[in-house]
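Here's a quick walk through a protein model, with an eye on its empty spaces, its helix packing and its charged pairs. Have a look at the structure first, then read on.

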Amino acid sequence: MDITGIAITAGVIGGVGILVGVLLGRAGKIFHVEENETEQAVRDALPGNNCGACGYPGCDGMARAIAAGQAPTNGCPVGGAAVAAKISEIMGGGSEQPQEVMVAYVHCKGDCDKAKDVYEYVGPRVCSIAVNTPNSGPKACKYGCLGYGECQSVCEFGAISLKDGIAVIDPEKCVACGQCVKACPRKIISLVPKEKKHHIACNSQDRGLDVKKVCTAGCLGCTMCVKKCPVQAIEMKGNLPVIDYGKCVNCGACAASCPAKSIT
């Protein structure tokens, strides 16, 4: 190739490069999105767990909603009061009413000593798999904790441990992100107010005698707790009592009256 051909080729390549650069520059201006500095500041203040406990698709969604005035500054359960105060300062407003502190609770006391098994389970130690085996798992109680720790595996904060075949939550480590609630195939984990000290540690909908055949820690459905509560904070739903935490005053009368000791 002679020098003229080389020069032409170089010129064509250079011209194409300049054209592409111009086009990219114009496209950048056309499609440029103005950065929302407030949204970015709120995003930087959030912890970054992207757990979805706030009800938004991760911390980006939460930051966008707060910056747009569509979400409260104290809506992040993981960040708590410290993060809420920082975001409130960013948004230029006074501190909002603090949210009630919640923690996860496992409604089951059926450990290896109290709950019976109907067969020896051989398979992956995963709750969502075991629940699809005969009897919805080896545990005789079809409502109790399977104890294979699927909730533990999704907890980013080390708040869940397995003790004697059931999941136990450390309320001091729990941040109420709700991932364990979603992961439990038997739906026996719920978020409860941290300041409330008494909870129904059973999830069975069976009658008393049937419950006792499979678990010595199960609720009898005797309604004694309902009768003894001085503020009418407990009612029966089916064969299981349910506590209205908005009415509960932590008096402990329910736990003291429970013959099965299934209120902790």
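What volume does the largest cavity have? The answer is about 120 Å³, and keep in mind that this comes from a predicted model.

## Closed spaces

The largest cavity has 17 lining residues, and Cys108, Cys141, Gly144, Cys202 and Cys215 sit closest to its centre. Sorted by class, that lining comes out as nine nonpolar, six polar and two charged residues.

How many cavities of 30 Å³ or more turn up? The count is six.

## An open pocket

Now for a space that is open to the outside. The second largest pocket holds about 250 Å³ of space. Its lining is made up of 17 residues, with Ala104, Tyr105, Ile169, Pro171 and His199 nearest the centre. Three strands give two or more residues each to this lining: E1 (102–106), E3 (166–169) and E4 (189–193).

As for chemistry, the lining of the second largest pocket has twelve nonpolar residues, along with four charged and one polar.

## Two helices side by side

Next up is a helix pair. Helix H2 covers residues 37–45 and helix H4 covers residues 80–91; their axes lie 9 Å apart and make an angle of about 170 degrees. Angles over 145 degrees count as roughly antiparallel, so that is the label for H2 against H4.

Which residues do the meeting here? On the H2 side they are Thr38, Ala41, Val42 and Ala45, and on the H4 side Val83, Lys86, Ile87, Ile90 and Met91. Taken together, the residues of this contact split into seven nonpolar, one polar and one charged.

## Charged pairs

Searching the whole structure gives six salt bridges. One to look up in your viewer joins the side chains of glutamate 39 and arginine 64, at 3.7 Å from N to O. Glutamate 39 belongs to helix H2 and arginine 64 to helix H3 (residues 58–67), so this salt bridge ties together parts that are 25 residues apart in sequence. Helix H2, then, has contacts with H4 and a salt-bridge link to H3.

Definitions and conventions:
Residues numbered from 1 in each chain as written. Predicted model: local features only at pLDDT ≥ 70, side-chain atom pairs only at ≥ 80, totals over all residues. Heavy atoms only, no water. Axes fitted to C-alpha atoms, helices over the stretch in contact; angles between N-to-C directions. Helix = DSSP H or I, 4+ residues; strand = E, 2+ residues; numbered from the N terminus. Parallel < 35°, antiparallel > 145°, perpendicular 65-115°, else oblique. Contact = heavy atoms within 4.5 Å. Nonpolar A, V, L, I, M, F, W, Y, C, P; charged D, E, K, R; others polar. 1 Å grid on protein atoms, 1.4 Å probe; cavity = no way out; pocket = protein on both sides within 12 Å on 5 of 7 lines; lining within 4 Å. Points joined across faces, edges and corners; volume = space filled by probe spheres on them. Salt bridge = Lys/Arg side-chain N within 4 Å of Asp/Glu carboxyl O.
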